[in-house]
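These are my notes on the model you sent, set out as numbered points for you to read beside the coordinates.

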Amino acid sequence: NAATLVDGIDLTSEAVSNAGGSTLINPRLVDVQRIEVVKGPQSALYGRSAFAGAIQYVTKDPTDTLGGDIFVNANSQEEKEIRGSINVPIGDTLGMLVNGYGWDNRGVYKNLATDDYIGGGNGAGASVTFKWEPTDTLGIKWRTEYSRDKLDVAAQALLNDRNTSAD
């Protein structure tokens, strides 16, 4: 198992299906600055869940300039996604970064019996980060995130066993 961290906080969870599989991580992190990967064992630095190594997502910090960006994606498979962020300086020592996203996907596979698409989903989420740097040697970062994703039932297929004969 490998540890998964966001800004130094271990999100690795113990699950029945995948021990140490980090089921708590949001795969749609909008504000990733960099991803650090270290090979294991790294238990001394990252805790007992980092026997095989660690993956750390480092999120962006607010800056001292007002700005933002937006990303829109839509295609012929009816996949839609919008992401955006805005950076707001609040005084000389405090900054705020707000991120948000929304997505919708109808699915790729079609149920031939009902003529409906399956395997899609939709969701939305947001995060807000505050960074306060009162001196050159002291900085405090607070980040919170919310996400809601709804995934439809995955596509499945029933295959006949060719080794058995019907009586």
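The points below go from the overall fold to the strand pairings, and then to a pocket and some single residues.

1. Please keep in mind throughout that this is a predicted model. The protein contains 1 helix and 11 strands, and along the sequence these elements come in the pattern β-β-β-α-β-β-β-β-β-β-β-β. Of the 167 residues in the protein, 25% are buried. Among contacts with a separation of 6 or more, 48% are between residues 24 or more positions apart.

2. An open sheet is formed by 4 strands in the order E2-E1-E4-E3, with mixed pairing. Its edge strands are E2 and E3, each of which pairs on one side only. Within this sheet, E1 (residues 3-6) is joined to E2 by 2 bridges, and the two strands run antiparallel; Val 6 stands opposite Ile 9 in E2.

3. The loop between E1 and E2 holds Asp 7, whose backbone deserves a look, since a residue other than glycine here has a positive phi, near 55°. Is Asp 7 buried or partly exposed? Its relative accessibility is 29%, and it counts as partly exposed because that value lies between the 20% and 50% cut-offs.

4. Strands E5 (residues 67-74) and E6 (residues 79-90) are paired in the antiparallel sense over 8 bridges, and in this pairing Val 72 stands opposite Ile 82 in E6. The two strands form a hairpin with 4 residues between them. Glu 78, in the loop between E5 and E6, has a positive phi near 60° although it is a residue other than glycine. With a relative accessibility of 40%, Glu 78 counts as partly exposed.

5. On the other pairing of E6, to strand E7 (residues 94-105), the sense is again antiparallel, and 12 bridges are found. Val 88 stands opposite Met 96 in E7. The hairpin of E6 and E7 has 3 residues between the strands, and within it Gly 91 takes a positive phi near 80°. As background to both hairpins, strands of a sheet pair through backbone hydrogen bonds, either parallel or antiparallel.

6. Glu 81 is found in strand E6, and a polar contact of 3.2 Å joins its side chain to that of Arg 83. When residues up to four places away in sequence are not counted, Glu 81 touches Arg 28, Phe 71, Val 72, Asn 73, Gly 102 and Trp 103. Val 72 thus appears twice in these notes, as a residue that Glu 81 touches and as the residue opposite Ile 82 in E6.

7. Which strands contribute to the lining of the second largest pocket? E5, E6 and E7 each supply at least two of its residues. The volume of this pocket is about 200 Å³, and of the 17 residues that line it, Val 30, Lys 60, Asp 69, Ser 85 and Asn 99 are the closest to its centre. By class, the lining divides into 5 nonpolar, 7 polar and 5 charged residues. As to how such spaces are found, rolling a probe the size of a water molecule over the atoms shows where empty space is left.

8. Asp 31 is found in the loop between strand E2 (9-10) and strand E3 (32-39). Why does Asp 31 count as buried? Its relative accessible area is 1%, and Asp 31 is buried because that value is under 20%. Leaving aside neighbours within four places in sequence, Asp 31 is in contact with Val 58, Thr 59, Lys 60, Leu 97, Asn 99, Ser 127, Thr 129 and Arg 143. The side chains of Asp 31 and Asn 99 are joined by a polar contact of 3.3 Å. The C-alpha atoms of Asp 31 and Val 98 are separated by 9.1 Å, while the two residues are 67 residues apart along the chain.

9. Points 7 and 8 can be read together. Lys 60 and Asn 99 are among the residues closest to the centre of the second largest pocket, and both are also in contact with Asp 31.

Definitions and conventions
Residues are numbered from 1 along each chain as its sequence is written. This is a predicted model: local features need pLDDT of at least 70, side-chain atom pairs count only at pLDDT 80 or more; totals for chains, interfaces and linings use all residues. Side-chain values use heavy atoms; hydrogens and water are left out. Two strands pair if DSSP finds at least two bridges between them. On a 1 Å grid over the protein atoms alone, a cavity is a set of points where a 1.4 Å probe fits but cannot get out, and a pocket is an open set with protein on both sides within 12 Å along at least five of seven lines; lining residues have an atom within 4 Å of a point. Grid points are joined across faces, edges and corners, and a volume is the space filled by probe spheres set on the points. Ala, Val, Leu, Ile, Met, Phe, Trp, Tyr, Cys and Pro count as nonpolar, Asp, Glu, Lys and Arg as charged, and the others, Gly among them, as polar. Buried means under 20% relative accessible area, exposed over 50%, partly exposed in between (1.4 Å probe, protein chains only). Contact means heavy atoms within 4.5 Å. A polar contact is a pair of N or O atoms within 3.5 Å; within protein, one must be able to donate a hydrogen and the other to accept it, and residues adjacent in sequence count only if both atoms are side-chain atoms.
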